[in-house]
Amino acid sequence: MTYLYAAARTPFGRFNGALAGVRPDDLAAHAIAAVLDKAPELDRARIDEVVWGNANGAGEENRNVGRMAGLLAGLPVSVPGTTVNRLCGSGLDAAMVASRQIETGDAEIVLAGGVESMTRAPWVLPKSDRPYPAGDVTAVSTTLGWRLVNDRMPAEWTVSLGEANEQLGEKLGISRARQDEFASRSHELAHQAWESGFYDDLVSPVPGTGLTRDENIRSTTTAEVLGGLRPVFRTDGTITAGNASPLNDGASALLLGSDRAALAIGLDPVARIAGRGTSALEPQMFGYAPVEAANRALARAGISWEQVGAIELNEAFAVQSLACIDAWRVDPSIVNVHGGAIAIGHPLGASGGRILGTLAKALRERGERYGVAALCIGVGQGLAVVLENTETVATPAPHADY
């Protein structure tokens, strides 16, 4: 079994905001140091692996940021590191990979998480087929979405992320009003969570930035205000800058281990990874992919939706979040009760660690046993993890021989 022992993240900064001057490998190193500060008794040399998520991988994080972040965080050079890329799901995928390492016996203690600086993502120039081309060469932004597309890809697969979700909303009849209401709720709940102190022990400010809270939250926004924004992807569309997640910078980290690692870590586990699920469908329908991913994770955990007390669903777009909630037929009041990515932000590789850490704390706060963390992923994929709150069930006694 795999247990979550601690979680930490940076505040999430706006595009060109307070974290713009911080390299992604430094953001990742800070998150690692922050989560390890919660386990002062842990001998860092006993960490078996760093598994790190990153989506863009084209800039300062390009040389295996998982390894680089571990070194920059001061881990012993003997602690290996790897980087995984499942686009928006990279951070959650890292946790899933780490949990499999632990469950197969390949590791006992693993640091997982993810990072993204969408501000610092570079423009790239493709190499020419021949030297010294006579014509102009176009620089391609690596911040978000398709780039350097293979001509063999069907055009319907490679539409923009926004257009893909316009198609999803049109197909399912999800109105602009519902999207704006959902987005307004995200800001309201995120603001309330910060005001109540919920995030205080989950978020570690990055020194020298002056940022102590998530930078994108607008505490006074309303559905009426959001209703006045113009559509971005279609002149008659429903998706605006207000009901979609923004571009962000940030990092998140998770300390995972087996039950027998508790003594070495010096902490009691806060949650158990009870089930994992992946799914895929047509690339342009990626917003709907978490539906089946979560259903599979629940089946593998041996539970049903009726037993789920909290859901952390990454809000890439309000429309796709509503599509998933409708399909699951769950009570919307248990979804993202402390705000979601529309307000908090979505620094691609970091979001998986954020929602898993938030879910674990939410389960404890609410006294619920099971929760689901899920994300949609560009190119038609979804990921989900079921967590079990260890306060609601007896956990095995830690082994003194580890």
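**Cysteines, salt bridges and a surface patch**

The structure holds 0 disulfides. This is a predicted model, and the cysteines are a friendly place to begin reading it. A disulfide is a covalent bond between the sulfur atoms of two cysteines. For Cys88, the closest cysteine sulfur belongs to Cys376 and lies 6.2 Å away, too far for a bond. A pair would need its sulfur atoms within 2.5 Å to be counted as a disulfide. Cys376 is likewise in no disulfide, and its nearest cysteine sulfur is that of Cys88. Cys88 counts as buried because its relative accessibility is 13%. Cys376 also has a low value, 1%, and so counts as buried.

A record helps to place part of the chain. In an unreviewed entry, UniProt lists residues 6–258 as "domain: Thiolase N-terminal". Over these residues the chain is 29% helix and 15% strand. The C-alpha atoms at the two ends of residues 6–258 are 13 Å apart.

Attention now turns to charged side chains. The count of salt bridges comes to 16, and three of these pairs are described here in turn.

One of them joins Glu60 to Arg120, with the closest N and O atoms 2.7 Å apart. Glu60 is found in the loop between β3 (49–53) and α2 (65–72), while Arg120 is found in the loop between β5 (109–117) and β6 (123–124), so the pair ties together parts that are 60 residues apart in sequence. Both ends of this bridge can be described by their accessibility. Glu60 is partly exposed, at 28% relative accessibility, and Arg120 is partly exposed as well, with a relative accessible area of 27%.

Another salt bridge is formed by Glu170 and Arg234, whose closest N and O atoms are 3.4 Å apart. Here a helix meets a loop: Glu170 sits in helix α4 (residues 161–172) and Arg234 in the loop between α6 (223–227) and β8 (248–257), so the contact ties together parts that are 64 residues apart in sequence. Glu170 is exposed, its relative accessible area being 58%, whereas Arg234 counts as partly exposed at 21% relative accessibility. This pair also belongs to a network of salt bridges, in which Glu163, Glu170 and Arg234 are linked.

A further pair is Arg369 with Glu388, where the closest N and O atoms are 2.7 Å apart. Arg369 belongs to the loop between α11 (351–366) and β11 (370–377), and Glu388 to strand β12 (residues 381–389), so this bridge ties together parts that are 19 residues apart in sequence. The two residues fall into separate accessibility classes. Arg369 is partly exposed, with a relative accessible area of 35%. Glu388, by contrast, counts as buried, because its relative accessibility is 4% and buried means under 20%.

Nonpolar side chains complete the picture. On the surface, Met68, Leu71, Leu72 and Val77 form a nonpolar patch. Together these residues have about 360 Å² of accessible area. Met68, one of the members of the patch, has its place in helix α2. At 34% relative accessibility, Met68 counts as partly exposed. Helix α2 (65–72) is also one of the elements that bound the loop holding Glu60, the residue that forms a salt bridge with Arg120.

Terms used:
Residues numbered from 1 in each chain as written. Predicted model: local features only at pLDDT ≥ 70, side-chain atom pairs only at ≥ 80, totals over all residues. Heavy atoms only, no water. Buried < 20%, exposed > 50% of the residue type's maximum accessible area, 1.4 Å probe, protein only. UniProt positions renumbered as here; feature names shortened; annotations may be inferred. Helix = DSSP H or I, 4+ residues; strand = E, 2+ residues; numbered from the N terminus. Salt bridge = Lys/Arg side-chain N within 4 Å of Asp/Glu carboxyl O. Patch = residues over 30% accessible without salt bridge, like charges linked within 9 Å, V, L, I, M, F, W, Y side chains within 5 Å. Areas by Shrake-Rupley, 256 points an atom, 1.4 Å probe, with all protein chains shown as cover.
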